[in-house]
There are 2 protein chains.
Amino acid sequence: MSKNLTKRSEDYSKWYNELVVKADLAENSAVKGCMVIKPYGYAIWEKMQAELDRMFKETGHQNAYFPLFIPKSFFSKEASHVDGFAKECAVVTHYRLRTAADGKTIEVDPDAKLEEELIVRPTSETIIWNTYKGWIQSYRDLPLLINQWANVVRWEMRTRLFLRTAEFLWQEGHTAHATQTEAIAEAEQMVNVYAEFAENFMAIPVIKGIKTENERFAGAVETYCIEALMQDGKALQAGTSHFLGQNFAKAFDVKFANKEGKQDYVWATSWGVSTRLMGALVMTHSDDNGLVLPPNLAPIQVVIVPIYKGDEQFDAISVEAKQLMARLRKLGISVKYDDRDTHKPGFKFNEYELKGVPLRVAIGPNDLANGTFEVARRDTLTKETVISADIVTYIQDMLEQIQQNLFTKALDFRNSHITEVNTFEEFKDVLSNKTGFVSAHWDGTTATEEKIKELTKATIRCIALDRVEEAGTCVFTGAPSQGRVLFAKAY
Amino acid sequence: MSKNLTKRSEDYSKWYNELVVKADLAENSAVKGCMVIKPYGYAIWEKMQAELDRMFKETGHQNAYFPLFIPKSFFSKEASHVDGFAKECAVVTHYRLRTAADGKTIEVDPDAKLEEELIVRPTSETIIWNTYKGWIQSYRDLPLLINQWANVVRWEMRTRLFLRTAEFLWQEGHTAHATQTEAIAEAEQMVNVYAEFAENFMAIPVIKGIKTENERFAGAVETYCIEALMQDGKALQAGTSHFLGQNFAKAFDVKFANKEGKQDYVWATSWGVSTRLMGALVMTHSDDNGLVLPPNLAPIQVVIVPIYKGDEQFDAISVEAKQLMARLRKLGISVKYDDRDTHKPGFKFNEYELKGVPLRVAIGPNDLANGTFEVARRDTLTKETVISADIVTYIQDMLEQIQQNLFTKALDFRNSHITEVNTFEEFKDVLSNKTGFVSAHWDGTTATEEKIKELTKATIRCIALDRVEEAGTCVFTGAPSQGRVLFAKAY
């Protein structure tokens, strides 16, 4: 198959859009802004879900499911939340259709108007805290550690597959605690879970930090985040975890009796990651030949392609291929033997390169004669001939190496794209050339942050959790600063 | 804890509603007709999902995800589908809210009206077949075997938790085939998968059959179903699989080139089960003391409760409990050790009875002295004392026995509630007394079927796949019939 993929250096954005479609990850649907996640893309998402779900359960969380619809009035209850979320969203106003006068088309039945409009959830804090009111009476009911896997809708005008879609899939954790300390510890724990998942599982290095007031989640007291860097030098927020204080408990009147019998409002967190991670995955590792998938997330880790002339060779090669497949599957490695006779090996090589399969094993007549396999790595595009006795161990080790190599490569890239600047000239210079993160002193005001954004399109991605306190002067205003923050252009 | 559960014999319907809420499975939400699935209920649904998903993948299916919204016009494309599905549903007409003149409440922004209204999917045939048009060109693209796990919305006026809710969770398979034969084989395969799942995993005996024209899915040529019998003698449709012919391919113009290069419309199936299965589970096995869960679906299979006075006894018992827990977990058995000191053993016994935990192990001072455990079965409410050396094998065997026993018990009940009748007097008599399935001759017309429904509230649940051809006369009209069909009142 011919790939005809735009090069990253030509047009990074076009490369991304083409790759997502050509590698069968997703496509646009007939509904504006909504995507179809295709089986190959969904298989990767399922692997992310399985691992995250395991990590959530290991940290004591349970899953539940709350309604898709939220009564409109709920959004008015938390003042800052309404500004952030109750604006661009899908509104259900009617509950019935009828056949039109032409007897053929259908139309909304004007008699079936809802008394109160329903909003398709853009996030579920309001409906969940309204429910928690019935679940929490005493400190014995706390902590409540719940997660939901769901679809949400935010009416975006400009959408891009995975990165920004009207409907997307995500998980949202919503926890309730007896004390502020415990809630903060939970919010911090979850940003750590996300970072561990991104780095160890997706091979994406991330910076853990907190958001400035301006970039905070609507209704949060503190927003923790993980920020990744894409190959074009733009940052991508890959997950957030919010300490919500008592804001939602107050908005929905959720009180509990503490051990001393006194009534107090409950402390809250919420945290989420979404199918946006699929975009981060593509933009961190892939290249001009197509997807590059970390072995941990690859639906097919090893593909075996036979190279043969005539049935006799095919049969002999198939025996070898099937034996290898069986041995690898026993180790939990996912293998596909592509024995289609409708496509040539070259076509198949291209296809699996495009789809990012980490290892490709080819078996030809010479291999058969010599007892060898030709193994090609997707990440480095290099090949090696491996003897039969070593093949299983080789593949096992190589999958680990590829996982590690992708992380190291992305980490080196990220680290070489964090630039410390001390003047606004340098600041602008980095953003117009090298791009990446700019580490600069900032005076702590929203006014400065917004002015910088206006001039450079860069926002403060985060105040890194591990930043060193360092006296300095704001790169823009010259006012005193306690430490550097990370700016970048972002997705 | 006190259960205060209405008895089934007093008011079956009330018993069900109370049990679902008291056992922490689900509750009604602030949104009319939409439920909250609570963590304990969701954990059971997750077990169903995992097993079904495994079975779907084993039969060659892949998961994907399609949009929540469907353009209104799509429903006009398949004539019979529109009547069945495009009526009672949630309609999105606007995409923005704004702050009202009072500066506080929010209202729909009249300037943000959609050009074409969007319907929240009641089922996804239309949007999926519109997508398949782009995926299918040649016989090489077939079969397409895809499943989706999703939420759907049907605006029901009278709702009941799990059994009938406005929003529910389900899976919907949508497959495309080159030939009619292959599509029919797929539809039959999936009804068999559902039957196997219901019987082996949920311990619910089912009758496999086909629906009459009147009861068929809107847009289907043939609807296969599995029908179960609840303890009150009412039937419940637990899953359906549809052979859709070329109806949706024609409606959405999905053609393919066959091996000879000729264009033909694609053949289709769709099949689904939903959170309704949770209702079937509750109503098949549970009793006046609460839930009874088959071990295969129980989130907690074994609970250990310590009975002690003072810390010393507690510590000694905990050593035993933790050892047992570790040994059982190694075998993949899910165990909880309830060492809460805030609740008495009697309270705990009641709680786990209500929640249907299959086995309860109590350890008291005498057990400690004698090296024994007291094991209580939830299904039979019987107890046995088991010596330490035998305990692990005993529990393992007992879990299998309980699973088997629940199925046998339900099967006996079901079989003793199928009554063959030959006159309409007998027919009415059975339905007013014993209830259950009535096996009767029917003349094959919709008119008779509807008349019988009007008079008795019974519908034809299915024509069993294994029914014996038998000449007879319709129980209502006396017209000739080729075999018996199964009538029942149904959920």
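Me: A salt bridge is a side-chain nitrogen of Lys or Arg within 4 Å of a carboxyl oxygen of Asp or Glu. By this rule, how many salt bridges does the count come to over all chains?

Reply: The count comes to 52 over all chains. This is a predicted model, in which local features need pLDDT of at least 70 and side-chain atom pairs count only at pLDDT 80 or more, while totals for chains, interfaces and linings use all residues. Residues are numbered from 1 along each chain as its sequence is written, chains are lettered from A and ligands numbered from 1 in the order in which they are written, and side-chain values use heavy atoms, with hydrogens and water left out.

Me: What makes Asp24(A) and Lys355(A) a salt bridge?

Reply: Their closest N and O atoms are 3.2 Å apart, so the pair falls within the limit for a salt bridge. Asp24(A) lies in the loop between helix H1 (12-22) and strand E1 (26-28) of chain A, and Lys355(A) in the loop between helix H9 (345-354) and strand E19 (359-363) of that chain, so the bridge ties together parts that are 331 residues apart in sequence. Helices (H or I, at least four residues) and strands (E, at least two) are DSSP runs, numbered from the N terminus.

Me: Why is Asp24(A) called partly exposed?

Reply: Buried means under 20% relative accessible area, exposed over 50%, and partly exposed in between, with a 1.4 Å probe and protein chains only. Asp24(A) has 25% relative accessibility, so it counts as partly exposed. Its partner Lys355(A), at 15%, is buried.

Me: How do you know that Lys211(A) and Glu227(A) meet in a salt bridge?

Reply: The N to O distance is 2.7 Å, so the rule is met. Lys211(A) is in the loop between strand E11 (207-210) and strand E12 (222-229) of chain A, while Glu227(A) is in E12 itself, so the pair ties together parts 16 residues apart in sequence. Both ends are buried: Lys211(A) at 2% relative accessibility and Glu227(A) at 0%.

Me: What makes Arg98(B) and Glu107(B) a salt bridge?

Reply: N and O are 2.9 Å apart, so this pair also meets the rule. Arg98(B) is partly exposed at 34%, and Glu107(B) is partly exposed at 27%. In chain A, salt bridges that share partners join Asp24(A), Glu27(A), Lys38(A) and Lys355(A) into one network.

Me: Why does Glu18(B) have no salt bridge?

Reply: The nearest side chain of opposite charge, Lys14(B), is 4.1 Å away, so the pair misses the limit. Glu18(B) is nonetheless buried. The residue lies in helix H1 (residues 12-22) of chain B. Leaving aside neighbours within four places in sequence, Glu18(B) is in contact (heavy atoms within 4.5 Å) with Asn4(B), Leu5(B) and Thr6(B).

Me: How many aromatic pairs are found over all chains?

Reply: There are 40. Tyr194(A) and Trp271(A) form one that is edge-to-face, with 6.4 Å centre to centre and 65° between the planes.

Me: Why is the pair of Tyr194(A) and Trp271(A) called edge-to-face?

Reply: Rings of Phe, Tyr and Trp (its six-membered ring) pair if their centres lie within 6.5 Å; planes under 30 degrees apart count as stacked, over 60 as edge-to-face and the rest as tilted. The values of 6.4 Å and 65° pass both tests, so the name applies. Tyr194(A) and Trp271(A) are both buried. Ring pairs link them with Trp45(A), Phe56(A) and Trp149(A) into a cluster.

Me: How do you know that Lys234(A) lies over the face of Tyr491(A)?

Reply: Lys234(A) is 4.3 Å from the ring centre. A charge sits over a ring if NZ of Lys or CZ of Arg is within 6 Å of the ring centre and within 35 degrees of the ring normal. In chain B, the charged end of Arg360(B) sits over the ring of Phe349(B), 3.7 Å from its centre.

Me: What makes strands E11 and E12 of chain B a pair?

Reply: Four bridges join E11 (residues 207-210) to E12 (residues 222-229), and the strands run antiparallel. Two strands pair if DSSP finds at least two bridges between them, so the condition is met. Ile207(B) has Glu227(B) as its bridge partner in E12(B). E11(B) also pairs with strand E24 (residues 459-464), in the antiparallel sense, over two bridges. There Ile210(B) stands opposite Ile463(B).

Me: Why is helix H7 of chain A called mostly covered?

Reply: In H7 (residues 276-285), 10 of its 10 residues are buried. Among them are Arg276(A), Gly279(A) and His285(A).

Methods:
Lys, Arg positive; Asp, Glu negative; His and termini not counted.
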